[in-house]
Amino acid sequence: MKLPLLRRVASTRLFCLLFLLPIGAAAQTPATPGPDAVGTAVAPQDDADDAATGPARFGIELEAPASIQPFLLRHVDLQRFRSLQDLDGNELDRLLIAAPENLRNLLGTQGHFSPVISVSREPAAPGDAQAPALGTVRIRVEPGPITSVASSSVYFRGDIANAEAAAAQRETIQRRGQQALGRSFTQSGWGQVKADTLRQLTSERYPRGRIVNSLSDIDTTANAAHWHIELDSGPSVQVGAVRVEGAERYGTATVERLVGLAGLRPGADYSLSRLQDAQQKIADSGFYTSVFAYVELEPEGADRDSAAPVVVQVKEAQLQSIVLGVGGSTNNGPRLSAEHRHLRVPGIGWQALSKLQLERNDQQLSSDWSAPIEDDGWHWLAGGRLARQIDDETTLSSLRLSAGKAQASALLDRRYFLQFDRARTVNTASAQASSDGNEAAISANYGWTWRRFDTLPYPNRGYGLGLTLGVGMTLGSVRRPFVSTQARWLGYWPLDPVSEALDELLTTGNTPGNAASGSRLGRLALRLQGGAVQANRNAPIPDSLLFLTGGDTTVRGYGLRDIGVVQTDGSVTAGRYLGVASLEWQRPIWRNGVRTPWESVLFVDAGTVTNQTSQVDTRVGVGAGLRYNSPVGPLQLDLAYGVDAKRFRVHLNVGFSF
């Protein structure tokens, strides 16, 4: 079948219907002299020498630019014959006749279509027992100019070609294809562009879509590649009713409601992202240990054009569970924890999670209750917490009770709640840092968190913003109104935006160590945090509503909650204003042209806590660290120097959250 809209080409053009070789050569590590430097590389003897095959029958010396030497030595066909012990000189000469064509094919996969290649054999010197028996094959390669992507066109047939509802999808597919323009041609890149284009088609409305034609048109005169892809979407697919498999103890109503809240109500267009959102919502509900959701495109006995049912297969969690845990941190030393979960409390049907956590400086007993999610996505919450935190000579004991409603999604969380706080601070060395235990307050609060990260838990670009606003009144003998505000921001910026855009296009999966970023420059991460409690100076605000900072996730180089308001006797107390900023340079670590799961980090942190904005004493920490992108989330180890404390500290942090 001929691809429509393609013009006939002159004899100076070479049509290449390229196939994808399993060579994995999308990235190479340049030799030290630079990618354009020409040098001679020798194939190592141990590539062929082992106990089973014996010594190599001939050697290979390659003179070529450093950027392509490792690739050619690794994949040239001659490598496969070096260990054949019955290979003789005549057979090797026949192999050398075919070698230039093999090298041209390899160079074509890297965008070099006009190479100059010479292959010759130098016999072994007489009496040299160390030399290979058949001598040395000498290869000289001048790859010529590299071919760049000059155009990238996508053609549509089927419903997507004219459907108004698919206009944005068509535009997105075409725009993503244009991001490759100007980049060097590689065969693996061409294959990945095709895979990405098909994925863009089948992820929305058209899961039965396919590529019916693809062509990479190479103009050897202009050193230009012209890419053409023809897509057939087939008919659009609408989802039907939800079918739940494996639900017994908790019924199907919650699953059906969560699928609808993800946007997959009967009659809606198929959407892979919404299906994944529904699956995540169901998993986050806590009722199930495993969830698998899919759309049944060919239901048995149903017409092909009928609505496709959403099938959700679940494995239910136990009604009650107890989890015992051990752990530790550089902030708080060893940690012991025990938690009890009840997924359906008798009489009310709520979930209840009760937890006891014991650390060196923090002890906490909490219980959080959650009602089933309602049709609008909101659900009732209630909770209580008893806590004690110890900072040197200061011990803060607090009680917190809260009740309200919350709504959570992948991009936006909202919550409004009433909260009661009571706190008592005792400092064995300072009366100024102690309180009489009567500080209590009640407040009405609204929280809002907005996330726009590209991938989690390993974001490469994007941002998140969280805000909490509260209005309250102190209780006890002195009653004063107060307003509390808290804000936090986290942003990521890749340092090579052009390269990052193409890497996002060409990357087929985001796994630890192979995230969307291919840039060797990495990214910048900026974290900002601020808070304020505004009230009359003599208002007895509970210390649990005020601020301290310092530690693994705030200002590194200082101990947990070391930064606060310094009193005249040298003690540190919580303050009414908080400011924290952190700037990181996160750079992937590469090895042999492959990105590893490790990253290096350079950072500078700064933070302050004060009772008066006119008196700000900022503490600064600087340092470096390593991050390991593990399957359970990022693990970061930092060595930080507290500029004001004049000492080094080691900090360990696990996971990503916002």
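**Close-up views of a three-stranded sheet**

**View 1. Strands S10 and S11 side by side.** In this predicted model, strand S10 and strand S11 (residues 308-316) run antiparallel and are joined by seven bridges. To find one spot along the pair, look for Phe-292, which stands opposite Gln-313 in S11.

**View 2. The whole sheet.** Now let us bring in the third strand. In what order do the strands of this open sheet lie? The order is S9-S11-S10, and the pairing is mixed. Strand S9 (239-245) and strand S10 (288-295) are the edge strands, each pairing on one side only. From one strand to the next, the twist averages 15°.

**View 3. Two helices that pack on the sheet.** Helix H5 (residues 253-261) touches S9, S10 and S11. The direction of H5 makes about 145° with that of S9. Helix H6 (residues 272-284) also packs on the sheet, where it touches S10 and S11. The direction of H6 makes about 160° with that of S10.

**View 4. Val-239 and its surroundings.** Val-239 is found in strand S9. Is Val-239 buried or exposed? Val-239 counts as buried because its relative accessibility is 0%, and buried means under 20%. Leaving aside neighbours within four places in sequence, Val-239 is in contact with several residues, among them Leu-264, Pro-266, Tyr-270, Val-295 and Val-310. Another contact of Val-239 is Ala-307. Along the chain, Val-239 and Ala-307 are 68 residues apart, yet their C-alpha atoms are separated by 5.1 Å.

How values were computed:
Residues numbered from 1 in each chain as written. Predicted model: local features only at pLDDT ≥ 70, side-chain atom pairs only at ≥ 80, totals over all residues. Heavy atoms only, no water. Pairing = 2+ DSSP bridges. Helix = DSSP H or I, 4+ residues; strand = E, 2+ residues; numbered from the N terminus. Axes fitted to C-alpha atoms, helices over the stretch in contact; angles between N-to-C directions. Contact = heavy atoms within 4.5 Å. Buried < 20%, exposed > 50% of the residue type's maximum accessible area, 1.4 Å probe, protein only.
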